[in-house]
Amino acid sequence: MPQMAPISWLLLFLIFSITFILFNIMNYYSYLPPAPKSNKSTHLSTNSFNWKW
C-alpha cells in the first residue's frame, strides 16, 4: 500500500482549513439580527414623583 507524501498532507490540510474558514465567515456574515422595534419602548416616562419627606 503506497504512502502519501508529506506535501499531499500539507495540501489537504490547507484545503480543509480554507474551506472551514470560508464556511465560518459565510455563516457569520449571513446572520442578520432582528431590528429593534421602536413602538413606545424608547419613550421615557415623564411621571413626576411627589416624595413626602
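**One helix and its nonpolar surface**

Of the 53 residues in the protein, 0% are buried. The model is a predicted one, and its secondary structure consists of one helix and zero strands. The accessible surface of the protein amounts to about 6200 Å², and carbon and sulfur atoms account for 70% of that area.

The helix, helix 1, covers residues 6–30. An unreviewed UniProt entry lists residues 7–29 as a "transmembrane region". In the model, this span is 100% helix and 0% strand, and the C-alpha atoms at its two ends are 33 Å apart.

The surface also carries a nonpolar patch, formed by Ile7, Leu10, Phe13, Leu14, Ile18, Phe20, Ile21, Leu22, Ile25, Tyr28 and Tyr29. Together these residues present about 1300 Å² of accessible area. One member of the patch, Phe13, is located in helix 1. Phe13 counts as exposed because its relative accessibility is 55%, and the term applies to values over 50%.

Two further patch members, Tyr28 and Tyr29, are likewise both exposed. Their rings call for a separate description. A pair of aromatic rings is characterised by how far apart the centres are and by the angle of the planes. The protein has a count of one aromatic pair. That pair is made by Tyr28 and Tyr29, with 4.9 Å from centre to centre and 85° between the planes. The arrangement of Tyr28 and Tyr29 is therefore edge-to-face, since this class requires planes over 60 degrees apart.

Methods. Residues numbered from 1 in each chain as written. Predicted model: local features only at pLDDT ≥ 70, side-chain atom pairs only at ≥ 80, totals over all residues. Heavy atoms only, no water. UniProt positions renumbered as here; feature names shortened; annotations may be inferred. Helix = DSSP H or I, 4+ residues; strand = E, 2+ residues; numbered from the N terminus. Phe/Tyr/Trp six-rings, centres within 6.5 Å; stacked < 30°, edge-to-face > 60°. Buried < 20%, exposed > 50% of the residue type's maximum accessible area, 1.4 Å probe, protein only. Patch = residues over 30% accessible without salt bridge, like charges linked within 9 Å, V, L, I, M, F, W, Y side chains within 5 Å. Areas by Shrake-Rupley, 256 points an atom, 1.4 Å probe, with all protein chains shown as cover. Salt bridge = Lys/Arg side-chain N within 4 Å of Asp/Glu carboxyl O.
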